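Hi everyone, thanks for coming. I'd like to walk you through one model today, so let me put it up on the screen.

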2 protein chains.
Amino acid sequence: MKQRGLIPRKVKGFRDIDPALNEQRNRLVQVASKVYRSYGFEHWDSPILEYAECLGKYLPDQDTADEGVYSFRNPELEPILDMKGNGLRDSSNNVLMDNHLLSLRYDLTAPLARKYAEELWTGSGQTKSPTLFRRYQYGPVYRFEAKLDPGRYREFWQMDFDTVGSSDVASDAEACCILSDTLEALGLARGSYEIRVNTRNLHKGLFEKLGISDEGVARDVLRVIDKYDKIGEAGIAAELGEGRVDPLSKAKIPGLGMPLDQVQTLVNYVQSCIGVQGRENVLARLAPLLGDTPTGRFGLDELQRIHEILNGLDYLDNRVVFDPSIARGLAYYTGPVFEAVSKLEYRDASGKVRGFGAICGGGRYDGLVEKLLGIKVPATGASIGVDRLLELLRQTQQLEIAATGPVLILVMDQQYMLEYQKFAKELRQAGIAAEVYYGQKSKMKAQMSYADQRQAPVVVIAGGNEFEQGTVSVKDLRRGKELSDQITDRSQWLSDKPAQMEVPRADLVATVKGMLSD
Amino acid sequence: MKQRGLIPRKVKGFRDIDPALNEQRNRLVQVASKVYRSYGFEHWDSPILEYAECLGKYLPDQDTADEGVYSFRNPELEPILDMKGNGLRDSSNNVLMDNHLLSLRYDLTAPLARKYAEELWTGSGQTKSPTLFRRYQYGPVYRFEAKLDPGRYREFWQMDFDTVGSSDVASDAEACCILSDTLEALGLARGSYEIRVNTRNLHKGLFEKLGISDEGVARDVLRVIDKYDKIGEAGIAAELGEGRVDPLSKAKIPGLGMPLDQVQTLVNYVQSCIGVQGRENVLARLAPLLGDTPTGRFGLDELQRIHEILNGLDYLDNRVVFDPSIARGLAYYTGPVFEAVSKLEYRDASGKVRGFGAICGGGRYDGLVEKLLGIKVPATGASIGVDRLLELLRQTQQLEIAATGPVLILVMDQQYMLEYQKFAKELRQAGIAAEVYYGQKSKMKAQMSYADQRQAPVVVIAGGNEFEQGTVSVKDLRRGKELSDQITDRSQWLSDKPAQMEVPRADLVATVKGMLSD
C-alpha cells in the first residue's frame, strides 16, 4: 500500500496543456483583450486563493452553497476582526485568533466583488461612495464537480469583462456588442453564432402575474418551461399540472400541481416567446402578456432600450436575438441576462452530430457587492468560457494549428559539439528556431526519430567528412516526407538521398532559409 | 463576531495585479518565450493542484519537507492503487478508498517531473525508455512562508525552461546562454548583470577531501563559507573552529569545532575561489586544490567544458562567471548550478542603497524523476523569478509604463445615449480605444474626475447645443494639463477653454486622432 505514492499522475479532473493548445489559448486571450481594451476595460488580475467568506455562497450557475468549491483551512492563525477591522479580544484582552477557510476561486466575478468592496471599505461602518470600475480578467477557475462529464475539467479558463457601478442599461447593450465583436474577431462568421438576450424582470413579472412569490416554485416552473424543445406544449402543460407518463420509458413524471388558470398563462407565455423571429416581434408579443405588471413593464422597457441601441449600432437580428426562455442563475442575476451560442455542429468520435451549448454568458448582478459591503452596487458583465470556445474553434476547423518544431542539429560526434552550437546560434540570429540534439541515445535513428517527434522541418548533419571538406548536409524533412510517399525503389531512394543537400559551411543559413520558405 | 465575514479583504500574502504590472508581466513573458522557443523549447502548462505525494518532499531552495507548501485533503474519495495502477482490495474484495493530500504547486519543476514520469510509467514495474523533453512554462507558484518579508508574496510567478533526458553538460552551458540572452532581450545592459556558475561536484570533492560524509555537517560548512563577504577569512576560520564573539553585538557565536587542518583546507579553498576574476583563473586556482579527488576532478572537467562552449559562442567573462561559493539547494541539485544577479542598485523608500539578489536560478538535477519512477533521469534547467525581475526593471527605470486610458465620451444628456455610442464605435473602428461614461454620478465634475482617474487623453463632449449645430466638442486633457500649469488668470482660462475645440460632427475621428498623435 505504501507503493501508491510512487504512481506519477495528475489529480483527477486536471490536465496538462500542450503547446498547440497553449498557443491557441494565448491567441484567443490576446484577440479578446484587444476588443475589451478598445471599449476602455483595463486588465486586472486577482489571486487564485480567497477567503471562503469573501467569495460568498452563490455560485454563478447554481443556487446551492459550498458545493463545487475547493475549500480548506487556512494554515495561518489570524485575528478575528470586528466591523472596523480591529481584532476582537477575550476577557483577558488577548486578540481572538481563528483559522479561516480558504477557497480556490470558482469564477472571476466573486473576486471582483471582493476587490471592489475592499476599495470602498473604510471600517467605520460607512463606506466610500461607489465608483465606476471597468476591468477584464482571464485565467483558471476551479470547480469540484462530483460527477465529471467527459471532456470537462475541474480547472478551466474564463475570460471576463465587467462594468461595476453603473445601472445604465446601455452598459448591458454594450456587453452584447462586445461579445459579438469578440466572437467575430476570433473568426466566427456572422450568422454562425447568436447572442441571446433576456431579462430576469420578465420572469419576475410573470410570477407577479401568477401570484407566485416562492423562489423554489419559480425555479421549478422555469425548469419545466426550459423543456419546451423536448416535450412540447402539451408536455409542459402536463408537467405544470397533474404530471404525465413518458411515452418512451413509461415512467410517471410528477406534475407541479398548479391550477388550470396558471398553467394556461404559462402556456400562453411559452407560445408568445419561443421560436419568435425578430426582436421587435418578441417585444410586441410579450407586451400584452406582461406589460400590466410593474416588473414586467420594467423588463420590457429594458429590452426596448437594448434593442434601440443595438439597432442604432448595426447589431441586428442576425447577431443578437431576444429569447425570453433564458433563465441563467436565479439568485445571482437581477436584470438583463445574455448568452452566446454557436449554431455550428460537429460529429463526435462516434459519428453523432452534436452542438456546443453556451460559450459565453453574463448579465446584470446588482446584488453581489451588497453582501460584502451592505450597499447595493449595480454591475453587469459577461464571461467567455475560454476552453469551451477553443473546443468549438478546434472542432469546427476555425483554428489553425501551427505545428512546426525547431531546426534540429544532429550530433554526429561529440568532439564537434561547439561547432554544432555555432550552427544553432547562427540560425537563431537569422530568426530561425534551432536546437542541438542533447539526447542520450546517439544513434542516427534515435536522433531522426526525435526530429520527427518534434516536427522539425529541417535537420543539419555534419560529421568528420563534412568538417574535413568545410561543408554541412541539410535535409528537408517535409520535402522528404512528400517524396517518400511516392517512392517505388527503396535502394535507389537510400543512395540518392533526395531532399538532402551538402553545401559549403558558409551557406548553412541561406540553405535552411530556402527550405523553410518553400 | 459573526461580523468578520463581512470584511472584504485578500488573503494575507496575496495581491491583486494592476493593469501596468499585468502589461509588464505579459511583455516579459512574451520576450522570454521568444528566446526559449528560438532554442527549441515548447510551451507546456500544468495544473495548479497536484497530489502532494507526486510533488515530492524536496523544495528547491530548502531541504525540509512539507514546510512552506499549501496542502489540503482531497474532497474526493479515490482508490488506493498498487504499482500497476490497479485498485488495492480488502478481504471482501472491495477496492480500498482513501483521501489523498492535494498541494498547490510550489514551483514548476516538480510538476514537470510528475508529467515526465507519467509519460514513461507503464504500471508493469518496467518503465518506458527515457526520452528527451524540452519545455518552458510560466505562471504562479505558491509558498506558505510563515514569516513574510515586506514586498514578498505567497503567490508569485516563475518562468522555467528545462531539458529532461540529457546528461550532456553542453545543455548546462546552453542554459547559461539562454539566461544571458533573455536578460539582454529584456533590456538589461551587458555588464549590468552576471550569470554565476558553479558545480555541486566541486563541493562534493571538497568534502571528500575533508573526509566529511555527513550532509548536515556539509551544509553547516557551506553556510559558514557563505558569510565570507560579511565576516572575512578570520571570521570564517573562527566559526569553523572554536567560535567567536561578534565585535558589534558582543554575542557569542558557537563554532563547528572542526580540527585545524580541516579549517586550513577550507580557508585555502575560500582564498582560491572568492573574488578571482576570469573563468580560466578560477579553474587554474582550483585545480591543485580539488583535482586530486575523483568528484572534484569531474567538477573541474564540467566547468572546463562549459567554459569552452561559452567562449566559443562569445559568452565571455562579462556575461558568465565562475563562482565556487554558490551552493543553492543541496539535496536537489546534482551538478552544475547557476544564478543570475543584477549588479545594479537602487534607493529604497528610506533612501538606503539596496541590491536585488538572484533574479534567476537553476542547475542540474539528475535525481528528481527517480523518486517517482525508480530510474535516474538526467535533467537541467533554470527558473526566472518573474516578479523579482519585474521589480528590478521597475526600480532601475528599465521598464516603460504605458499609461494611457481610453477616450471618454461624456454623457451630457441620456436622450443622446445612442449618439454617444456611435461616437465610440467610430473611434474604435479607427483603432482608438473609447468608452462611454456609464457612471451613476452624472455631474460634469464627476465625469471629468473619472476621465482623470482613467488617464483618458481626450474627452468628447456633446449636449443639446452641439447636436443642434451638428458639432462635437473635443478636449485634449494632456494639453490642458500642460496649459493649466502655466495659467495666471483663472477667469480668462475658463472663458477661453484652451485645448478644447468645437468641430463638425464629421471631423470627430480626425480631430481626436490629431490630438493623440501630438
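**Around the axis**

Let's begin with A:Phe72: of the residues of chain A, its C-alpha comes closest to the rotation axis, at 3.0 Å. Keep in mind that this is a predicted model. The axis belongs to the operation that superposes chain A on chain B, a rotation of 180° with 0.0 Å of shift along the axis and an RMSD of 0.1 Å. The two copies are therefore related as by a two-fold rotation axis. Both copies use the same surface, since 99% of the contact residues of chain A recur in chain B.

Now to the interface itself. On one side, 84 residues of chain A are in contact with 83 residues of chain B. Helix 13 of chain A, residues 417-429, supplies the largest share of the chain A side, with 6 residues. Sorted by class, that side has 42 nonpolar, 25 charged and 17 polar residues.

Next, the layout of chain A. The domain assignment gives domain 1 as 15-167 + 382-392, domain 2 as 187-351 and domain 3 as 407-517. Taken over C-alpha atoms, the centres of domain 1 and domain 2 of chain A are 29 Å apart.

One residue to click on before we finish is A:Asp387, in helix 12 of chain A, residues 386-395. Is A:Asp387 buried or exposed? It counts as buried, because it has 22 C-beta neighbours inside 10 Å, and the cut-off for buried is 20 or more. Beyond neighbours within four places in sequence, A:Asp387 is in contact with A:Phe156 and A:Trp157. A:Ile359 is 28 residues away along the chain, with 9.0 Å between its C-alpha and that of A:Asp387.

Terms used: Residues numbered from 1 in each chain as written. Chains lettered and ligands numbered in written order. Predicted model: local features only at pLDDT ≥ 70, side-chain atom pairs only at ≥ 80, totals over all residues. Least-squares fit on C-alpha atoms with pLDDT ≥ 70 in both. Contact = placed C-beta atoms within 7 Å. Domains from an automatic or database assignment. Helix = DSSP H or I, 4+ residues; strand = E, 2+ residues; numbered from the N terminus. Nonpolar A, V, L, I, M, F, W, Y, C, P; charged D, E, K, R; others polar. Buried ≥ 20, exposed ≤ 12 C-beta atoms within 10 Å, placed from the backbone.
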